[in-house]
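Reader: I am in my first year of study and would be grateful for a close look at one helix in this model. Please explain how it is held among its surroundings, and then lead me outward from there.

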Amino acid sequence: ETPQASGPDVRVERDGGIAIVTIDRPAALNALSPDVLRALHAAFESLAADGSAVRGVLLTGAGGRAFVAGADIRAMADLTPEQGEESARLGHRVAGAIEGLAAPVIACVDGFALGGGLELALACDFIYATDASTFGQPEVRLGLTPGFGGTVRLPRAVGLARAKELIYTARRIDAAEAAAMGLVSRTFADRDALFEGARATLAEIEANAAPAVGIAKRVLVAAAGRRTDRAAEIEIAGFGDAFRTEDMREGVAAFIEKREPGFTGA
Ligand code: CAA
């Protein structure tokens, strides 16, 4: 693994086509200060600039106690309403950079994923977690509301009623409950098993046609929350785009010729 970009609070390591982005501010349980958010944004922008060299990303938190315990509460204490909006906008920009990356991003949660931390995980393509993890949107306990996408993506993940219950109660749930409601895709006994599982999933994805995976992600992100007719148009355009790729010709030819496809990513 080679370090790629390093800021004070966010590390990016590369291992072949896989990038591991680690939020490394354990003294504050990896809370998302404006600096951390800017570093995260820069990290995902730099991965996007690497184009097809990046086939998958694991996003995680350092220190063994938290993925991310939320937006930085101390940094919000004295904000004006306008500055509050601006801080939410910064969180949304990070979520947009994650969703805008063609390669899939798996949130690897080991510990607390609360408030802005859960919202960050929800911006990833899916969430894997250790059994020791806990999830929640505790904002209303602080007099705040979810600001980094919780009211948008949590209902999509778990349904409107369950999202309302989690947000209004500020209740923390464990990984098993989060998995039962579809918030977490898979749970693991410990951190090593979590990363082994996430890497195995990325390897499965890597065996497929990269342009198709990228188009599928783009369509899924763009169609989310849209009316059926608009979502269908987005899907139709994406389906057409796949026909522009060499990998589509190769994948279909390989099926017809009863052989393994040799994808190039083109
Ligand atoms: N912001 C800033 N600092 C934080 C933090 C946060 N979100 N979460 C934890 N920390 C800091 C603590 O202040 C503490 O620092 P000090 O040692 O300097 O006092 C350190 O991290 C360790 O935390 P605790 O001592 O509190 O650890 P604990 O084991 O007793 O409790 C916890 C762990 C239950 C996660 C608790 O830290 C906690 O409740 N954190 C806040 C969770 C939260 O409310 N998150 C939502 C934030 S608002 C938000 O995210 C808005 C949005 O949608 C954008």
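Author: Contact here means heavy atoms within 4.5 Å. The model is a predicted one, and the part chosen for the close look is helix 5, residues 150–158.

Let us begin with the residues of helix 5 that are hidden. G150, R153, L154, P155 and V158 are buried in this helix. Among the elements that cover these buried residues are helix 3, helix 4 and helix 6, the last of which spans 160–169. An α-helix has 3.6 residues a turn, so residues three or four places apart point the same way. With that in mind, one may look at the residues that helix 5 turns towards helix 4.

Two packed helices are described by the angle between their axes and the distance between the axes. For helix 4, residues 116–123, and helix 5, the axes come within 10 Å and cross at roughly 60°. Helix 4 is therefore oblique to helix 5, because an angle counts as roughly parallel under 35 degrees and as roughly perpendicular from 65 to 115. The crossing of these two helices is left-handed. Helix 5 contributes G150, R153, L154 and A157 to the contact, and helix 4 contributes L118, E119, L122 and A123. By type, the residues of this contact are five nonpolar, one polar and two charged. G150, R153 and L154 thus appear in the contact with helix 4 and are also buried.

The end of helix 5 deserves attention as well. The helix is followed by G159, whose phi is positive, near 95°. Most residues other than glycine have a negative phi. Two residues elsewhere in the chain have a positive phi although neither is a glycine: L29 at about 50° and K258 at about 55°. L29 is placed in the loop between strand 3 (18–23) and helix 1, whereas K258 belongs to the segment after helix 11 (246–256). L29 is partly exposed, because its relative accessible area is 23%. K258 counts as exposed, because its relative accessibility is 78%.

From helix 5 we may now follow one of its covering elements, helix 3. This helix spans 81–100, and the loop between it and helix 2 (73–76) holds L79. L79 has a relative accessible area of 33% and is therefore partly exposed. Apart from neighbours within four places in sequence, L79 is in contact with G84 and S87.

Helix 3 also packs with helix 1, residues 34–49; the angle is about 20° and the axes are 9 Å apart. These two helices are therefore roughly parallel to each other, and helix 1 passes helix 3 in a left-handed crossing. On the side of helix 1 the contact is made by P34, L37, R38, L40, H41, F44 and E45, and on the side of helix 3 by L90, G91, R93, V94, A97 and I98. Eight of the residues in this contact are nonpolar, two are polar and three are charged.

Two residues of that contact, L40 and F44, lead to the interior. The largest nonpolar core has 50 residues, and L40 and F44 are among those with the most contacts inside it, as are L59, L120, I127, F135 and L183. Helix 1 supplies the largest share of this core, six residues. There is also a second, separate core of 12 residues, which includes L58, C108, F188 and F195.

One of the residues just named, F135, falls within strand 9, residues 134–136, and T134 is in this strand as well. T134 counts as buried because its relative accessibility is 19%, and the cut-off is under 20%. Not counting residues up to four places away in sequence, T134 touches G111, F112, A113, L114, I173 and D174.

A last pair of helices offers a contrast in direction. Helix 9, residues 210–223, and helix 10, residues 228–242, pack at about 170° with axes 9 Å apart. Helix 9 is therefore roughly antiparallel to helix 10. I215, R218, V219, A222 and A223 of helix 9 make the contact with A231, I234, E235, G238, D241 and A242 of helix 10. Here the residues divide into seven nonpolar, one polar and three charged.

To return to the starting point, helix 5 has buried residues whose cover includes helix 3, helix 4 and helix 6, and helix 5 lies oblique to helix 4.

Terms used
Residues are numbered from 1 along each chain as its sequence is written. This is a predicted model: local features need pLDDT of at least 70, side-chain atom pairs count only at pLDDT 80 or more; totals for chains, interfaces and linings use all residues. Side-chain values use heavy atoms; hydrogens and water are left out. Helices (H or I, at least four residues) and strands (E, at least two) are DSSP runs, numbered from the N terminus. Buried means under 20% relative accessible area, exposed over 50%, partly exposed in between (1.4 Å probe, protein chains only). Axes are lines fitted to C-alpha atoms, for helices over the stretch in contact, and angles run from 0 to 180 degrees between N-to-C directions. Angles under 35 degrees count as roughly parallel, over 145 as roughly antiparallel, 65 to 115 as roughly perpendicular and the rest as oblique. A crossing is left-handed if the near helix is turned anticlockwise from the far one by less than a right angle, and right-handed if clockwise. Ala, Val, Leu, Ile, Met, Phe, Trp, Tyr, Cys and Pro count as nonpolar, Asp, Glu, Lys and Arg as charged, and the others, Gly among them, as polar. A nonpolar core is a set of buried Ala, Val, Leu, Ile, Met, Phe, Trp, Tyr and Cys residues joined through side-chain atoms within 4.5 Å.
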